[in-house]
Amino acid sequence: MARHVYRGSAASAAGAAIAEIDIDAIERAESSEPEAARLRVETVASNPLSGPITVPARVPIGGTGIEAQPFALGASTFGWTLGADDAFAVLDRFAGVGGSLLDTADSYAAGRSESIIGMWLESRSARARMSVMTKIGQHPDHPGLAPKQIKAAVEASLSRLGVERLDLVHFHGEDPEVPLEESLGAVDALIAAGKVGAIGASDFGPDRLIEARVLAANGLPRFQTFTTRYNLMERRSYEGAPELVAHAQGLAVLPYFALANGFLGGQVRRRADVRHDARGARQAKHLGRRGHRVLAAVDAVAFAHGVQPATIALAWLLAKPTVAAPVASATRPEQVEALLAAAGIELTRSELVELDRASA
């Protein structure tokens with residue numbers, strides 16, 4: 001089976017140059033590679049310093065109307081462990097290698113994540129070539145999914161992001177106190193007003209997803225996407241009923257914590273490697289016999305493909321039929337290429353079996 005490896009050139013560090021990228025100037029890669037390989041990549045006009053680059057081809061994200069490479073840059077660290085300058089550096093690199101899908105939430109750093117993205121979009125004149133998805137329902141000022149809270153949360157996110165429309169909004173967890181039809185009705189009005197493009201669910205149970213589909217059949221907005229925690233280290237909560245429902249409903253699944261809080265990047269192998277912060281504590285829980293078994297399997301496949309472990313961890317997710325785009329964050333610009341590279345990796349059947357077995 002052919003293996004297709006992503007080839008991206010380094011982005012310029014100059015933010016001003018990033019602003020000159022013309023994502024609309026795209027043409028299919030012309031090479032002597034097999035047809036299947038050429039369908040997985042495209043050539044994008046980059047900034048004047050870098051020239052054209054070859055990147056994973058954009059794909060539709062469910063029925064949202066968004067087309068993006070099958071990877072979303074997570075912004076949960078923006079305003080928390082990454083300040084504005086460091087976040088800008090990561091975003092510059094992401095845009096510089098053709099990335100176009102950003103994932104945030106109004107509750108990340110109490111809205112600071114959205115504000116940083118908004119400042120970056122404005123400073124780089126990048127709104128036209130970036131798709132932004134956010135979550136509402138957990139901000140301390142607008143908790144829950146009552147219609148009044150939804151409207152206020154969307155208006156606040158629009159303001160922080162400095163945009164006129166949110167491309168994709170996820171309900172950030174269920175709200176048992178509010179009938180789902182009321183929440184969907186509120187979003188329906190926002191879609192009609194042009195303030196929301198599409199709606200998705202984050203961490204909804206199978207029963208609630210089924211209820212939402214019944215309501216959609218009666219004219220309310222339909223969930224197009226489903227985001228949930230899913231990775232090689234954390235499989236049980238998704239595989240089973242949630243996966244079956246997502247597949248049956250044709251939901252585009254966007255797994256967050258796709259690298260298990262960075263553990264699958266392979267930098268944490270011993271207790272001595274663990275940082276003494278919240279992120280380090282989350283990574284430390286994966287240290288143990290199973291964690292080392294998974295890392296060993298990931299390492300072996302990564303070596304065979306000549307890529308980083310993080311690339312293989314994301315490629316495993318992309319091999320799942322329901323997964324449209326994993327969500328993962330980067331703490332340094334040099335990590336971005338390894339994340340986007342996953343879309344260019346075609347894992348063999350034996351590699352998938354070995355990864356499944358190691359992480360079972």
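**Entry 1: β12 and its neighbours.** I began with the pairing of β12 and strand β13, the latter spanning residues 223-227, and found that they run in the parallel sense over 4 bridges. I note at once that I am working from a predicted model. Within this pairing I looked up A201 and found that its bridge partner in β13 is F226. Following the chain from β12 to β13, I passed through helix α7, residues 206-217, and recorded this β-α-β crossover as right-handed.

I then turned to strand β11, residues 168-172, which also pairs with β12 in the parallel sense, again over 4 bridges. Here I looked up V169, whose bridge partner in β12 is I199. The chain goes from β11 to β12 by way of helix α6, residues 180-192, and I recorded this β-α-β crossover, too, as right-handed.

**Entry 2: the faces of β12.** Are the two faces of strand β12, residues 199-202, covered or open? I found both of them covered, with I199 and A201 buried on one side and G200 and S202 buried on the other. I199, the residue bridged to V169, and A201, the residue bridged to F226, therefore sit on one and the same side of the strand, since I199 and A201 are listed together there.

**Entry 3: residues with positive phi.** Just past the strand I stopped at D203, which lies in the loop between β12 and α7. Phi of D203 is near 60 degrees, a positive value that I noted in a residue other than glycine. Is D203 buried, partly exposed or exposed? I entered D203 as partly exposed, because its relative accessibility is 34%, and the partly exposed class lies between under 20% for buried and over 50% for exposed.

I also looked up A110, which is not a glycine either and has a positive phi of about 55 degrees. A110 is placed in the loop between β7, residues 101-103, and α4, residues 112-123.

**Entry 4: the second largest pocket.** I next checked the second largest pocket, which holds about 270 Å³ of space. Its lining comprises 17 residues, and those nearest its centre are R40, L318, A342, A343 and I345. Which classes make up this lining? I counted 14 nonpolar and 3 charged residues, with no polar residue in the lining.

**Entry 5: the whole chain.** Last, I noted the overall figures, starting with 13 helices and 15 strands. Of the 360 residues in the chain, 57% are buried. Among contacts with a separation of 6 or more, 74% come from residues 24 or more positions apart.

Notes
Residues are numbered from 1 along each chain as its sequence is written. This is a predicted model: local features need pLDDT of at least 70, side-chain atom pairs count only at pLDDT 80 or more; totals for chains, interfaces and linings use all residues. Side-chain values use heavy atoms; hydrogens and water are left out. On a 1 Å grid over the protein atoms alone, a cavity is a set of points where a 1.4 Å probe fits but cannot get out, and a pocket is an open set with protein on both sides within 12 Å along at least five of seven lines; lining residues have an atom within 4 Å of a point. Grid points are joined across faces, edges and corners, and a volume is the space filled by probe spheres set on the points. Ala, Val, Leu, Ile, Met, Phe, Trp, Tyr, Cys and Pro count as nonpolar, Asp, Glu, Lys and Arg as charged, and the others, Gly among them, as polar. Buried means under 20% relative accessible area, exposed over 50%, partly exposed in between (1.4 Å probe, protein chains only). Two strands pair if DSSP finds at least two bridges between them. A crossover is right-handed if, with the strands pointing away from the viewer, the path from the first strand over the helix to the second runs clockwise. Contact means heavy atoms within 4.5 Å.
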